[in-house]
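Here is a colleague's note on the model. Please read it with the structure open.

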Amino acid sequence: MIRTFTTHSETETTAVGRDLAPELSGRSVVLLIGDLGAGKTALVRGLAEGLGVAPEEVSSPTFTLMQEYRGGRVKLIHVDLYRLNEAREIDELGLEELGADSVLAIEWAEKLPRPIPDAIEVRIAHGEGDERRLTITPWSA
């Protein structure tokens, strides 16, 4: 089932993530797709909060590639593929193993070399000003 939301602030985008979190469990994968500044990390902040992790702990892992957040009902692993350009580099992260007992949130998921079965895809598009359009759908290969 495809769900769409329109948000008008970073706080509202974060709230969409918080509302999505109860649907997630260990082995859940959330694929985040959107331009720079679209709100991918804001959505992950909401996921963290909904999972019981302090949202202020969440930062973009653009330079570290990966952040791990514990303390919630399930571990959250936040991955950013922005700086990776080759399938080999992405494969070397071992995402399948990382997500075995965690919620795995992947920014720039369009760079993945192959689909991840049963993942949830979140597309975030810029609108006017601070408006964002979010489309949440199961991954379709």
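1. **A contact to start from.** This is a predicted model. Begin with Thr41: its side chain makes a polar contact with the side chain of Glu107, at 2.7 Å. Thr41 sits in helix H2. Is Thr41 buried or exposed? With a relative accessible area of 13%, Thr41 is under the 20% cut-off, so it counts as buried.

2. **What surrounds Thr41.** Residues up to four places away in sequence are not counted here. Beyond them, Thr41 touches Val58, Ser59, Ser60, His78 and Glu107. Glu107 therefore appears both as a contact and as the polar partner of Thr41.

3. **Helix H2 as a whole.** How much of H2 is covered? The helix is mostly covered, with 9 of its 12 residues buried. These are Lys40, Thr41, Ala42, Leu43, Val44, Gly46, Leu47, Ala48 and Leu51. Lys40 is on that buried list, and so is Gly46. The buried residues of H2 pack against helix H1, and against strands E2, E4, E5, E6 and E7. E4 covers residues 75-80.

4. **Length check on H2.** The end C-alpha atoms of H2 are 17 Å apart. At 1.5 Å a residue, its 12 residues should span 16 Å, so the two values agree. Just after the helix, Gly52 takes a positive phi of about 100°.

5. **The largest nonpolar core.** This core has 24 residues. Which members touch the most others? They are Leu32, Leu43, Leu47, Leu76 and Val122. Six elements each supply at least two residues: H1 (10-20), E2 (29-34), H2 (40-51), E5 (102-107), E6 (120-126) and E7 (132-138). The largest share, 5 residues, comes from H2. As a general point, nonpolar side chains in soluble globular proteins tend to be buried together.

6. **Leu47 up close.** Leu47 is one of the buried residues of H2, and it is also among the core members that touch the most others. Leave aside its neighbours within four places in sequence. Leu47 is then in contact with Gly17, Arg18, Leu20, Ala21, Leu24, Val30 and Ala105. Apart from the largest core lies another, of 17 residues. Its members include Val79, Leu81, Ile90 and Trp108.

7. **Tyr69.** Tyr69 is in strand E3, residues 66-69. At 4% relative accessibility, Tyr69 counts as buried. What does its side chain reach? The side chain of Tyr69 comes to the backbone nitrogen of Ser59 at 3.1 Å. Ser59 is also touched by Thr41. Neighbours within four places aside, Tyr69 is in contact with Val53, Glu57, Val58, Ser59, Lys75, Leu76 and His78. Leu76 belongs to the largest nonpolar core. Tyr69 and Ser102 are 33 residues apart along the chain, and their C-alpha atoms are separated by 9.7 Å.

8. **Two backbone angles to look at.** Most residues other than glycine have a negative phi. Arg27 is not a glycine, yet its phi is positive, about 85°. Arg27 is in the loop between H1 and E2. A relative accessible area of 59% makes Arg27 exposed. Trp108 also has a positive phi, near 65°. Trp108 lies in the loop between E5 and E6. At 12% relative accessibility, Trp108 counts as buried, and it is a member of the 17-residue core.

9. **The overall fold.** The protein has 4 helices and 7 strands. From the N terminus on, the elements run β-α-β-α-β-β-α-α-β-β-β. The radius of gyration is 14 Å, close to the 14 Å that the globule rule gives for 141 residues, so the protein is as compact as a globular protein of that length. Its C-alpha atoms fill a box of roughly 40 × 30 × 30 Å along the principal axes.

10. **Contacts and surface.** Take contacts between residues at least 6 apart in sequence: 62% of them join residues at least 24 apart. Buried residues make up 47% of the 141 residues. The accessible surface comes to about 7,200 Å². Carbon and sulfur atoms account for 49% of that surface.

Key
Residues numbered from 1 in each chain as written. Predicted model: local features only at pLDDT ≥ 70, side-chain atom pairs only at ≥ 80, totals over all residues. Heavy atoms only, no water. Core = buried A, V, L, I, M, F, W, Y, C linked by side-chain atoms within 4.5 Å. Buried < 20%, exposed > 50% of the residue type's maximum accessible area, 1.4 Å probe, protein only. Contact = heavy atoms within 4.5 Å. Expected span 1.5 Å × (residues − 1). Polar contact = N/O pair within 3.5 Å; in protein donor to acceptor, adjacent residues only side chain to side chain. Rg over C-alpha atoms; globule rule 2.2 N^0.38 Å. Areas by Shrake-Rupley, 256 points an atom, 1.4 Å probe, with all protein chains shown as cover.
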